[in-house]
Amino acid sequence: MDTKAFKRTLQHSENYNRKGFGHQAEVTTQLQSEYQSNLIQEIRDRNYILQRGDVTIRLAQAFGFCWGVERAVAIAYETRQHFPTERIWITNEIIHNPSVNKRIQEMEVEFIPVEANQKDFSVVATGDVVILPAFGASVQEMQILHNQGCKIVDTTCPWVSKVWNTVEKHKKVDYTSIIHGKYKHEETVATSSFAGKYLIVLNLQEAEYVAKYILNGGNRDEFLTKFAKACSAGFDPDQDLQRVGIANQTTMLKGETEQIGKLFEHTMLQKYGPTELNQHFQSFNTICDATQERQDAMLELVQHNLDLIVVIGGLNSSNTTQLQQIAFDRGIPSYHIDTVERIQSEYSIEHRHLNGQLVITKNWLPVGEIVVGITSGASTPDKVVEDVIKKIFDLKPTTSVV
């Protein structure tokens with residue numbers, strides 16, 4: 001499929017909208033009342049530090065809702081206002097935050113049902129409204145919805161669209177897109193659908209395996225087994241790694257994406273020499289500004305003397321996981337939670353390990369005076385952060401306010 005031509009056709013369709021419906025003022029007021037926090041603003045005004053009793057909270061200086069998330073949620077709210085009686089569907093979670101997704105469902109926006117790991121689009125009738133979430137949707141899903149004559153409301157983050165444009169450029173000159181991301185993640189699924197040949201690498205270790213194969217060859221069957229779920233159909237590592245371009249899932253660690261890009265640049269330089277490098281390697285900056293800002297703020301936060309860090313965000317939120325990775329790498333006790341209910345008591349907290357497992361840790365909150373670092377992923381409302389901070393204060397003495 002000519003994905004670029006299809007996107008043009010879709011975007012010129014009268015059934016397609018990606019700019020909202022003119023209800024910004026009402027929706028902004030509603031979002032502020034539901035998601036913003038006076039306490040968080042107070043902490044910002046106090047140079048991101050607040051002490052009560054034995055607890056000092058240090059808040060990261062960039063955290064929570066990014067512009068792309070705010071835009072997606074606002075357009076979803078506008079969609080319900082503009083279509084008060086129509087049946088509205090959404091292809092995935094609007095963002096990776098349980099409270100926001102619950103709110104969207106309360107507005108009678110239904111998820112496309114999934115049967116045997118496949119979405120059942122047969123439930124969508126002509127004239128129904130379908131929201132594409134902030135992560136985007138695959139080009140195949142867009143085509144199905146377009147052909148069914150439904151109204152498509154596209155909330156895809158422009159930074160994600162920028163990555164799609166990058167892999168389109170790779171495809172145009174017959175380069176293989178090496179995508180730094182998680183092959184199951186909705187965003188990476190969408191990005192790979194716009195690519196020609198592609199290979200998805202999760203981390204620097206996998207990228208190094210590929211780089212060694214480029215330089216030295218290797219066991220082809222082992223390679224294909226290793227990346228069986230993370231490459232395009234018919235991928236041939238002996239042919240398809242001669243010309244490569246770099247792209248990424250926008251929520252991955254900025255530093256690791258940059259390392260992977262440099263690794264492949266040096267690999268191609270070593271294999272083909274400086275005069276041929278541009279014929280074998282392409283790289284465009286597709287690192288999301290918001291992701292970068294939150295990671296930079298976390299890197300600054302961990303420089304302080306902290307007893308622990310609470311990282312707040314959806315348990316399936318990639319950018320939140322990357323924030324916790326920064327704390328983990330520095331040996332600071334950290335707890336990734338999605339809601340305040342995960343804090344069971346001062347003695348017990350349920351949280352997500354970096355390996356994805358939900359665990360309960362006992363005696364997580366040290367006795368005496370403590371300094372707690374707080375940050376949140378790009379899909380987390382300030383109100384959720386407020387709830388967590390208030391809970392921590394409630395579990396410790398609050399005899400004084402500074």
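Phe 227 is buried in this predicted model, with a relative accessibility of 1%. Its ring pairs with that of Tyr 209; the two centres are 6.1 Å apart and the planes meet at 50°, a tilted arrangement. Tyr 209, by contrast, is partly exposed, at 24% relative accessibility.

The two residues come from distant parts of the chain, 18 residues apart. Tyr 209 belongs to helix H9, residues 204–216, while Phe 227 sits in the loop between helix H10, residues 220–226, and strand E12, residues 244–248. Ring pairs extend this contact into a cluster that comprises Tyr 209, Tyr 213, Phe 223, Phe 227 and Phe 235. Tyr 209 also has a charge over its face: Lys 226, at 5.1 Å from the ring centre. A further case is Lys 169, which lies over the face of Phe 284 at 4.8 Å from the ring centre.

The model has 10 aromatic pairs. One of them joins Tyr 335 and Trp 364, with ring centres 5.7 Å apart; because the planes stand at 75°, over the 60 degrees required, this pair is edge-to-face. Tyr 335 lies in strand E15, residues 334–337, and Trp 364 in the loop between strands E18 (358–362) and E19 (370–376). These partners are 29 residues apart, and both are buried.

I turn now to the sheet. Five strands form an open sheet with parallel pairing, in the order E1-E9-E8-E4-E5. Strands E1 (16–17) and E5 (109–111) are at the edges; each has a single partner strand, so one side of each lacks a neighbour in the sheet. E1 pairs with strand E9, residues 151–154, in the parallel sense over 2 bridges. Within E9, Val 153 is the bridge partner of Asn 17.

Technical notes. Residues are numbered from 1 along each chain as its sequence is written. This is a predicted model: local features need pLDDT of at least 70, side-chain atom pairs count only at pLDDT 80 or more; totals for chains, interfaces and linings use all residues. Side-chain values use heavy atoms; hydrogens and water are left out. Two strands pair if DSSP finds at least two bridges between them. Helices (H or I, at least four residues) and strands (E, at least two) are DSSP runs, numbered from the N terminus. Rings of Phe, Tyr and Trp (its six-membered ring) pair if their centres lie within 6.5 Å; planes under 30 degrees apart count as stacked, over 60 as edge-to-face and the rest as tilted. Buried means under 20% relative accessible area, exposed over 50%, partly exposed in between (1.4 Å probe, protein chains only). A charge sits over a ring if NZ of Lys or CZ of Arg is within 6 Å of the ring centre and within 35 degrees of the ring normal.
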